[in-house]
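Visitor: I should like to take a close look at one part of this protein. Could you please guide me through it in a connected way?

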Amino acid sequence: MKVTFTTKQKVGTADKMLYGHFLEHFHRQIYGGVYDPTSKFADEDGFRTDVIEALKRIKTPIIRWPGGCYVSAYDWKKGVGKKRRVNYDKAWEVEESNEFGTDEFIKLCRKIGCEPYICTNGGTGTAEEMSDWVEYCNLKDMGEYAKQRKENGYEEPHNVKYWSVGNENWGIHEIGEKDSNEWGNLVREASKMMVRVDPTIELSAASIVDLDWNIKLLTKAGPYLDWLSIHSYWEWGPDGLKNHDYKELMLLTGEEIVSNIDRVRAYLKALGYENKIKIAYDEWNLRGWYHPNSNMPMTTDERRKINEEFYEKEVLEQRNKNDINETYTMTDAVFSAAFLNTCLRNCDIVKMACFSPVVNTRGAIFTHKDGLVFRPQYFVFELYSNLLKDTVLKTWSENVPTMNGKINNKERTVDTVDIAITYGDGEYAVAATNKDPENEQTVEFDTLDGNVSMMRIHTLNGPSTESYNDIDRTEVGITVSEWVPFDGKATLAPHSVNVIELK
Ligand code: AHR
């Protein structure tokens, strides 16, 4: 295949927040993940220093917290102050100690060097409670909540810039599900109050790729919004840990990522917000989290069948299957690179993306008592956040090889090589993923500016599409070639993620 590009044809600026992450009070993400005072890696605040270092290594730009479904019944006031009130987490049906709350989250972000992004409770929460949270974090000392923050030992405001109203309140699986009218009204009233507390915040609202939902949301609350939040998971685990093989996953995901972005772009354009409101893909992962027999709605009769023993065995213990590192393979890395490439090719409107989640569950990092396992997805962030440049160029491709097949009874086709070209400081950094499970692919690069003489390739790979890392097992990692004279083309290994430096 051949790719043509020039610095004169740009898509836009790739915001570093495309390499963001998500952290929820679920399973071992908080307790036993980022926060574990009993760990030998714990610092004076109980945070795991090895996790903090790993997140700094991939230049984590932003972390969204505290949920996710968890937040839709979360009372933030229980998670601040000297005396924390425990509560029953109605989303995940476990006890929450509230030992980790707003101030701990802010402290964690400061140590990592990333922006905090707070998602508020649009389920049982009210506009008043959401704006009280902004008061607590961002007012210097006016009103009750800023004074509480100071009493809690934080003299200066936390200055949280990014806020979201609600999480997936469009769905029956969410506590506090709403219809599009209710949602537009709540987002408008919450936004008005939050922005009156601190007009410098940037506001997002939970959205979905649905016309009616966006028409109501944007006509009612569009003037108050800076972002629309959308979420996608492609391989759901409720009926099993892995439901599709490599090729099926490539076919399943190929077209849908870009169509989701195109449809939200169309809604924004139709309502006149294309140049005002950006897309935050603030939960994404190839794999949905594994939590059978919970979260999705159950009728009372169904819930009554879940007795103590069943709950222990078929709900709580099942969640530990997210910890099976063999699940996360080069398949996850190839998908994650293709997802980020799609965001880069649409970086004029997609300005944030949060991998879901950052640690444990389906995350890029797995914690255990003696250290960390870096799952294949982790290295995609290491390559992209450290090597890609700020400007994304348009590309013209010819003779692109494709993978074809039928999945869910629908013919699907996906480009075998997935490319995004970035430019900066007089050099190019090309994100190039080869989805072909068996064959290498050679790509010819025609840089119309004709200013390239040297090339170096950083390759993330393992022996097969199913290669994975685990405790005392490292099959997947990054290799770097020498700088070599650039002869106009590069060869990509099968099922590999690459960043090609051209200068
Ligand atoms: O499976 C985890 C859930 O996925 C998150 O809590 C929610 O935001 C999404 O539906």
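Guide: What follows begins with one residue in a strand and then turns to a second strand residue, a pair of helices and the nonpolar cores. This is a predicted model, in which local features need pLDDT of at least 70 and side-chain atom pairs count only at pLDDT 80 or more, while totals for chains, interfaces and linings use all residues. Residues are numbered from 1 along each chain as its sequence is written, and side-chain values use heavy atoms, with hydrogens and water left out.

Ser 164 lies in strand E8, residues 162–165; helices (H or I, at least four residues) and strands (E, at least two) are DSSP runs, numbered from the N terminus. With a relative accessible area of 0%, Ser 164 is buried, a word that means under 20%, whereas exposed means over 50% and partly exposed lies in between (1.4 Å probe, protein chains only). The side chain of Ser 164 reaches the backbone oxygen of Gly 166 at 3.5 Å. Contact means heavy atoms within 4.5 Å. Apart from neighbours within four places in sequence, Ser 164 is in contact with residues including Tyr 117, Cys 119, Ser 204 and Ser 229.

Glu 202 belongs to strand E9, residues 202–206. Glu 202 is buried too, its relative accessible area being 16%. Its side chain is joined to that of Trp 227 by a polar contact of 2.7 Å; such a contact is a pair of N or O atoms within 3.5 Å, where, within protein, one must be able to donate a hydrogen and the other to accept it, and residues adjacent in sequence count only if both atoms are side-chain atoms. Leaving aside neighbours within four places in sequence, the residues in contact with Glu 202 include Lys 161, Trp 163 and Lys 278.

Next come two helices. The axes of H5 (residues 180–197) and H6 (residues 211–221) come within 8 Å and cross at roughly 30°. Axes are lines fitted to C-alpha atoms, for helices over the stretch in contact, and angles run from 0 to 180 degrees between N-to-C directions. Among the residues making this contact are Trp 183 of H5 and Trp 213 of H6.

Finally, a nonpolar core is a set of buried Ala, Val, Leu, Ile, Met, Phe, Trp, Tyr and Cys residues joined through side-chain atoms within 4.5 Å. The largest has 129 residues, of which Trp 163, Phe 339, Tyr 384 and Val 497 touch the most other members. Helix H11 (residues 330–345) supplies the largest share of this core, nine residues.
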